[in-house]
Amino acid sequence: MALFEHYLYVLECGDGSLYTGYTTDVDARVAAHQAGTGAKYTKSHAPVRLLARARFYSKERAMSAEARFKQLDRAEKDTLLVRAAKVPLEDVLREELPGFGEDTAREFVRRNLAENVDLGYRDFHARLVPTVDKKTIAGVRTPALRKIAKELARREDAGEFLRTLPHRLFDESQVHAFAIGLERDYDTAIGLYDAFLPFVDNWATCDQLPVKVLAKRPDETLAHVERWLASGHCYTIRFAMGVLMRLYLGELFEERFLEMVAQTRMPAGADAPASEDDIYYVDMMRAWYFAEALAKQEAVALPYLERQGSEALLD
């Protein structure tokens with residue numbers, strides 16, 4: 001799948017020298033070099049032929065391999081290329097390229113996503129998240145995403161993936177959301193929420209963010225909820241409403257929470273008016289919250305549903 005195809009490639013030039021590059025399409029890139037449009041070096045050292053390619057699942061990993069391979073002297077390169085005649089070059093590089101080593105956390109996530117792609121599910125899910133570019137959706141089902149997140153959380157370098165924001169793929173963001181849910185330390189979790197929420201750009205990722213750890217300190221969580229409600233960012237606001245819905249409609253309920261949700265709107269400033277999509281997704285969470293509130297706190301929630309005009313719950 002093109003989303004996960006990133007290559008280091010090595011060419012032999014007409015004078016016997018080597019040229020190393022990065023691409024997402026090796027055949028097209030080699031054709032460009034052979035036509036004299038690939039690079040100044042290969043144009044002046046034609047003809048060229050492909051010696052080897054190494055496939056990776058992220059651009060960063062492929063370009064890291066390229067940079068490290070270029071630092072080798074010719075004899076060291078030749079030794080690796082001889083091995084690559086029998087073993088995939090990417091495996092050779094992991095084992096023998098100095099400083100390269102095993103997959104990074106991002107490469108691990110990408111590799112596992114690639115192994116679980118369901119194109120039919122991608123097409124179905126893309127219709128559910130119209131604010132997301134379909135080209136960034138791999139189509140990985142939730143059980144597989146949860147499994148990848150659990151395996152990621154066990155890696156010592158998991159933080160590297162969580163700090164790499166924004167993610168390029170929708171499915172990476174889904175893994176990120178589930179990984180946050182596995183964090184048991186309250187303060188660490190708050191830091192992860194705060195770092196991630198500004199980059200959430202769709203309702204699915206927002207609503208799949210687990211909130212269990214936030215129940216450990218409900219009073220402190222309310223302060224964060226108020227801060228998130230005032231953020232001006234659609235999905236941070238939506239998440240805050242979701243926290244109130246999931247954690248504060250039972251024993252922790254206070255009537256003031258109803259007013260907090262009822263009054264929160266997307267900013268309506270003339271300089272940066274909220275988009276129709278942002279207004280819609282905040283409205284829909286408000287409606288969901290009050291539907292749940294009506295079932296669990298009917299007496300105090302019902303008057304809000306009866307509001308009309310400028311005080312109506314939905315914009």
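How much area does the protein expose, and what share of it do carbon and sulfur atoms supply? In this predicted model, the exposed area comes to about 15,700 Å², and carbon and sulfur atoms supply 51% of that area. Of the 315 residues of the protein, 46% count as buried.

The overall form may be considered next. The secondary structure of the protein comes to 17 helices and three strands. The radius of gyration is 25 Å, whereas the globule rule gives 20 Å for 315 residues; the former is well over the latter, so the protein is more spread out than a compact globule. The C-alpha trace spans about 85 × 40 × 35 Å along its principal axes. Among contacts in the protein with a separation of 6 or more, 70% are accounted for by residues 24 or more positions apart.

The strands offer a starting point within the fold. Strand β1 (residues 6-12) pairs with β2 in the antiparallel sense, over six bridges. The two strands form a hairpin with five residues between them, and G16 in the turn has a positive phi of about 90°. Across this pairing, L11 stands opposite Y19 in β2. Strand β2 (residues 18-23) is largely enclosed by the rest of the structure, because six of its six residues are buried. From this strand, L18, T20 and Y22 point one way, while Y19, G21 and T23 point the other way, and all are buried.

The residues L11 and Y19 also appear in the surroundings of T42, which lies in helix α2 (residues 40-44). T42 has a relative accessibility of 0% and therefore counts as buried, the cut-off being under 20% relative accessible area. Leaving aside its neighbours within four places in sequence, T42 is in contact with L11, C13, Y19, H33 and V48. Beyond this helix, P47 lies in the loop between α2 and β3. A cis peptide bond joins A46 to P47, with omega at about -5°.

Strand β1 contributes to the cover of a further helix, α5 (residues 89-96). The buried residues of α5 are L89, E90, V92, L93 and R94. The elements that cover these buried residues include β1, β3 (49-56), α3 (59-70), α4 (74-84) and α6 (105-114).

The nonpolar interior is described by its cores. In soluble globular proteins, nonpolar side chains tend to be buried together. The largest nonpolar core here has 67 residues, of which Y193, L214, F239, L244 and Y289 touch the most other members. Helix α14 (residues 234-247) supplies the largest share of this core, namely ten residues. The environment of L214 gives a local view: leaving aside its neighbours within four places in sequence, L214 is in contact with Y186, I190, Y193, T221, W228, F239, V243 and L247. A second core, separate from the largest one, has 19 residues and includes A65, L72, A84 and L97.

Two loops merit closer inspection. V129 is placed in the loop between α7 (119-128) and α8 (142-153). With a relative accessible area of 1%, V129 is buried. Which residues are in contact with V129, leaving aside its neighbours within four places in sequence? They are I137, N202, W203 and A204. Of these, N202 is 73 residues from V129 in sequence, yet the two are 6.6 Å apart in space, C-alpha to C-alpha.

The other loop runs between α9 (158-163) and α10 (170-181) and holds H167. P166 lies in this loop as well, and the peptide bond from L165 to P166 is cis, with omega near -5°. Is H167 buried or exposed? Its relative accessible area is 10%, so H167 is buried. The side chain of H167 reaches the backbone oxygen of T164 at 3.1 Å. That side chain also makes a polar contact with the side chain of H176, at 2.7 Å. Leaving aside its neighbours within four places in sequence, H167 is in contact with F161, E172, S173, H176 and F196.

Definitions and conventions
Residues are numbered from 1 along each chain as its sequence is written. This is a predicted model: local features need pLDDT of at least 70, side-chain atom pairs count only at pLDDT 80 or more; totals for chains, interfaces and linings use all residues. Side-chain values use heavy atoms; hydrogens and water are left out. Helices (H or I, at least four residues) and strands (E, at least two) are DSSP runs, numbered from the N terminus. Buried means under 20% relative accessible area, exposed over 50%, partly exposed in between (1.4 Å probe, protein chains only). A polar contact is a pair of N or O atoms within 3.5 Å; within protein, one must be able to donate a hydrogen and the other to accept it, and residues adjacent in sequence count only if both atoms are side-chain atoms. Contact means heavy atoms within 4.5 Å. A nonpolar core is a set of buried Ala, Val, Leu, Ile, Met, Phe, Trp, Tyr and Cys residues joined through side-chain atoms within 4.5 Å. Two strands pair if DSSP finds at least two bridges between them. The radius of gyration is taken over C-alpha atoms; the globule rule is 2.2 Å times the number of residues to the power 0.38. Accessible areas come from the Shrake-Rupley method with a 1.4 Å probe; for residues, only the protein chains shown count as cover.
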